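Me: I would like a close look at a single part of this model, taken slowly and set in the context of the rest of the chain. Please begin with the strand you find best suited to that and work outwards from there.

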Amino acid sequence: MEVLSDFGLRENTAVLFVSDHGDMMGDPYFYRKTVGYEGSARVPFLVRLPGGRAVRPRVDEVVELRDIMPTVLDFAGVPIPAGVDGVSVLPLMQDAEVTWRSEIHGEHVAEVLGNQSMHWVTDGRRKFIWFSGSGMEQFFDLDGDPTESRNLIHQPDRAEEVAGWRNRLVAHLDGREEGFVSDGRLVADRPVQTEMSWVRALLG
């Protein structure tokens, strides 16, 4: 920022600060990026518009790294190609009328998880987690428990909420070739595939 100021470019430059992933640092008993808990999956997404012209200083809608490219294109006034997975956050920052995603789905396969994948859906306030091998489920209220230390999956007063979040994950996984979903229900102990069949075919 100092260099931009030195060259008179600070007020004419958009700055977007993000990171690839967090590191668990032993919280809770995991290290590196191998899981979908907040210490690994939650990353900074800080934006400074030229002249500081954002209307909203904080955006509570859930954003992700796929939003970087369309956001940068939007800053530059360049059309965003059709079919791009991400969405520009500029309308959110300017408090424009915009239909936004209700949650994001993440997944990870790592040696530390054993022969299974870890799937989660979150809106930044709640998170539902499912382990594909064991079928274990977790549900966290991130507003009241940002360190994910209290699994609420079996709380009777959360049963309806948990069911709704489970259905969100089902919607994301339905039709996957691993067979994670059958008759609208999650199916555990399916073989883990790190690439889809069409990717393996392309790689020969």
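Reply: The part I would choose is β4, a strand that is mostly covered, with six of its six residues buried. Since everything here comes from a predicted model, the values that follow are computed from its coordinates. The strand takes in residues 117–122, and its side chains divide between two directions: Ser117, His119 and Val121 point one way, while Met118, Trp120 and Thr122 point the other way, and all of them are buried. Neither direction therefore leads to an exposed residue of β4, given that buried is taken to mean under 20% relative accessible area.

The neighbours of the strand come next. β3, which covers residues 104–109, is joined to β4 by six bridges, and the two run antiparallel. Within that pairing, Ile104 stands opposite Thr122 of β4. β5, made of residues 126–131, is joined to β4 by five bridges, again in an antiparallel arrangement, and here Trp120 stands opposite Ile129 of β5. β4 and β5 together form a hairpin with three residues between them, and in that turn Gly124 has a positive phi of about 90 degrees.

What does β4 share with other elements besides these pairings? It is one of the elements that each supply at least two residues to the lining of the largest pocket, the others being α2 (38–41), β2 (45–48), α4 (90–93) and β3. β3, the antiparallel partner of β4, gives the most to that lining, with five residues. The pocket itself holds about 1400 Å³ of space and is lined by 46 residues, of which Arg42, Val43, Val62, Val63 and Glu64 lie nearest its centre. Sorted by class, the lining has 21 nonpolar, nine polar and 16 charged residues.

Ahead of β3 in the chain, the loop between α4 and β3 contains Asp95, and this residue has a positive phi of about 60 degrees although it is not a glycine. Most residues other than glycine have a negative phi. A second case of this kind is Glu148, whose phi is near 55 degrees and whose place is in the loop between β6 (137–141) and α5 (159–173). Glu148 counts as buried because its relative accessibility is 7%, which is under the 20% cut-off. Arg150 lies in the same loop, between β6 and α5, but counts as partly exposed, at 45% relative accessibility. Arg150 is 117 residues from Lys33 in sequence, and the two are 21 Å apart in space, C-alpha to C-alpha.

That loop leads into α5, whose 15 residues should span 21 Å at 1.5 Å a residue, and its end C-alpha atoms are indeed 21 Å apart, so the expected and modelled spans agree. Val162, Trp165, Leu169, Val170 and Leu173 are the buried residues to consider in α5. They cover an arc of only 155 degrees around the axis, which puts them on the same side of the helix. An α-helix has 3.6 residues a turn, so residues three or four places apart point the same way. On the other side of α5, Glu160 and Ala171 are exposed.

After α5, the loop that runs to β7 (181–182) holds Phe180, which is buried, with a relative accessible area of 2%. Phe180 and Val192 are 12 residues apart in sequence and 9.8 Å apart in space, C-alpha to C-alpha.

To place β4 in the whole, the protein comes to six helices and eight strands, in the order α-β-α-β-α-α-β-β-β-β-α-β-β-α from the N terminus on. Its C-alpha trace spans about 60 × 45 × 35 Å along the principal axes. Of its 204 residues, 34% count as buried, and against that background β4 has six of its six residues buried.

How values were computed. Residues numbered from 1 in each chain as written. Predicted model: local features only at pLDDT ≥ 70, side-chain atom pairs only at ≥ 80, totals over all residues. Heavy atoms only, no water. 1 Å grid on protein atoms, 1.4 Å probe; cavity = no way out; pocket = protein on both sides within 12 Å on 5 of 7 lines; lining within 4 Å. Points joined across faces, edges and corners; volume = space filled by probe spheres on them. Helix = DSSP H or I, 4+ residues; strand = E, 2+ residues; numbered from the N terminus. Nonpolar A, V, L, I, M, F, W, Y, C, P; charged D, E, K, R; others polar. Buried < 20%, exposed > 50% of the residue type's maximum accessible area, 1.4 Å probe, protein only. Pairing = 2+ DSSP bridges. Expected span 1.5 Å × (residues − 1). Arc of directions from axis to C-beta.
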